[in-house]
Amino acid sequence: MKPITYLEPETVDEACEQLDRHGHDAVVLAGGQSLLQILKRRLVQADYVVDITAIDDLHELGKSDESFRIGAAVPYVDIVQHPVARSQIPGLAEAIETIGDHQIRCRGTFVGGIAHADPQGDPPIIATALDAEFHIASVDGTRTVSASEFYAGLFETDLNQGELITHVEVPLSEDNEISTYQSFTRRMGDYAIAAVALSTSLSNDETMTDPRVVVGAATHGPTRLSSVEDSLDDSVLTDDIIDEAAETARENVDATDDEVATAAYKSHLVGELTRDALESVR
Ligand SMILES: Cc1cc2nc3c(=O)[nH]c(=O)nc-3n(C[C@H](O)[C@H](O)[C@H](O)COP(=O)(O)OP(=O)(O)OC[C@H]3O[C@@H](n4cnc5c(N)ncnc54)[C@H](O)[C@@H]3O)c2cc1C
């Protein structure tokens, strides 16, 4: 492995200047749980790593107006221990608890998982279901992108050269809003073969409004299942509605074939995970 220059900026502006100055030769380092592997395998070549974990502003975690803010240097483990995440965004905590093992969750960051855009990664799927917004900085200023607009295919995102995601904002649930995350792995700690994230309003009589149903791991990236959302919107969560939604999910998901599982098997899993998600919120 050739020598790499390690840079440790203390402000977002300094990090953006370093990313701009070194262009394609620089990469952002957060928890390093994915980056070090891809550098070692030479899937990415870099002369400079810009470690963002010494930037105080990127450690912010907590309520900010009507949303929950997750800074780019916050490890997974801090998010699941946060009382607001646990009580008001249960799907977020459920998704994070499926990631790797405790060591990975102590070092890895949620925002790193967002930026890495692994189609089997859990953060992009739950972020899309929760309608999260990604805040991005560069030497040209700042901008905001919704999770739905950010992902563009296999490891493809809207992030440009020299840009840094500073934080993610997850809208905070109203009293009657609920979220859940269901995934299937062969062994505990493995990457998911299929996952379904759901967020919705649910009234006392179990009528769903504005559901967001997002499938991932089985597809080339987080994908909303609009046919399932349409079948659930303004519907009372009865056994028949749940059966119909599970079948619609199975039939409509555009699952991928790979060495781990066939598209048919993944489609079956997506149907069953959709059923699990709906049963878990009623
Ligand atoms: C054994 C093992 C098991 C795992 N299992 C799972 C799993 O089950 N589910 C899952 O989702 N993940 C899993 N992961 C991956 C883990 O979630 C990583 O932590 C995550 O993908 C990246 O977070 P990180 O902070 O380590 O980022 P890094 O590894 O530091 O960076 C990852 C990539 O994102 C870029 N990046 C990071 N932060 C930013 C930023 N703020 N702005 C712009 N670009 C940025 C980096 O340049 C790099 O390209 C696993 C990893 C390992 C090693």
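1. Let's start with the hairpin: two residues link strand 6 to strand 7. Strand 6 covers residues 133-138 and strand 7 covers residues 141-146, and the two run antiparallel with six bridges between them. If you want one pair to find on screen, look for Phe134, which sits opposite Val145 in strand 7. A word on terms: helices (H or I, at least four residues) and strands (E, at least two) are DSSP runs, numbered from the N terminus. Two strands pair if DSSP finds at least two bridges between them.

2. Before going on, keep in mind that this is a predicted model, where local features need pLDDT of at least 70, side-chain atom pairs count only at pLDDT 80 or more, and totals for chains, interfaces and linings use all residues. Residues are numbered from 1 along each chain as its sequence is written, and side-chain values use heavy atoms, with hydrogens and water left out.

3. Back to the hairpin's surroundings. Strands 6 and 7 belong to an open sheet of five strands, with the order 4-5-10-6-7 and antiparallel pairing. At its edges you find strand 4 (61-64) and strand 7, each pairing on one side only. On average, neighbouring strands here are turned by 25 degrees against each other, direction ignored. Such angles use axes that are lines fitted to C-alpha atoms (for helices over the stretch in contact), and they run from 0 to 180 degrees between N-to-C directions. Elsewhere in this sheet, five bridges hold strand 5 (residues 67-71) to strand 10 (residues 164-171) in the antiparallel sense. Arg69, for example, has Glu169 in strand 10 as its bridge partner.

4. There is also an open sheet of three strands, with parallel pairing and the order 1-3-2. Why does one side of strand 1 (5-7) and of strand 2 (26-29) lack a neighbour in the sheet? Both stand at the edges with a single partner strand each, so one side stays free of a sheet neighbour. The twist from one strand to the next averages 25 degrees. Strand 3 (residues 48-51) is joined to strand 2 by four bridges, with Val27 opposite Val49. Three bridges join strand 3 to strand 1, and there Leu7 has Val50 as its bridge partner.

5. How is the chain divided up? The domain assignment gives domain 1 (5-50), domain 2 (60-171) and domain 3 (177-281); such bounds come from an automatic or database domain assignment. Between the C-alpha centres of domain 1 and domain 3 there are 36 Å.

6. Now the ligand. There are 31 residues around the ligand, and Val28, Leu35, Tyr76, Thr109 and Asp122 come nearest; a residue counts as near if one of its heavy atoms lies within 4 Å. A backbone N or O atom of Val28 is 2.6 Å from a ligand oxygen atom. For the side chain of Tyr76, an N or O atom lies 2.7 Å from an oxygen atom of the ligand. Gly100 has a polar backbone atom 3.2 Å from a ligand oxygen atom.

7. Gly100 deserves a second look. You'll find Gly100 in the loop between helix 5 and helix 6 (102-107), and at 27% relative accessibility Gly100 counts as partly exposed. The scale is simple: buried means under 20% relative accessible area, exposed over 50%, and partly exposed in between (1.4 Å probe, protein chains only). The C-alpha atoms of Gly100 and Ala192 are 9.9 Å apart, although 92 residues separate them along the chain.

8. Just before that loop comes helix 5 (residues 90-97), where six of the eight residues are buried, so the rest of the structure largely encloses this helix. The buried ones are Pro90, Gly91, Leu92, Ala93, Ala95 and Ile96.

9. Two backbone spots to check: Asp131 has phi near 60 degrees, a positive value in a residue other than glycine. Asp131 lies in the loop between helix 8 (123-129) and strand 6, and is partly exposed at 36%. Asp234 has a positive phi too, near 65 degrees. This second aspartate, Asp234, sits between helix 10 (226-232) and helix 11 (239-252) and is exposed at 57%.

10. Finally, cysteines. How many disulfides are there? The count is zero, taking a disulfide as a pair of cysteine sulfur atoms within 2.5 Å. Cys16 is buried at 2%, while Cys106 is partly exposed at 34%.

Conventions: A polar contact is a pair of N or O atoms within 3.5 Å; within protein, one must be able to donate a hydrogen and the other to accept it, and residues adjacent in sequence count only if both atoms are side-chain atoms.
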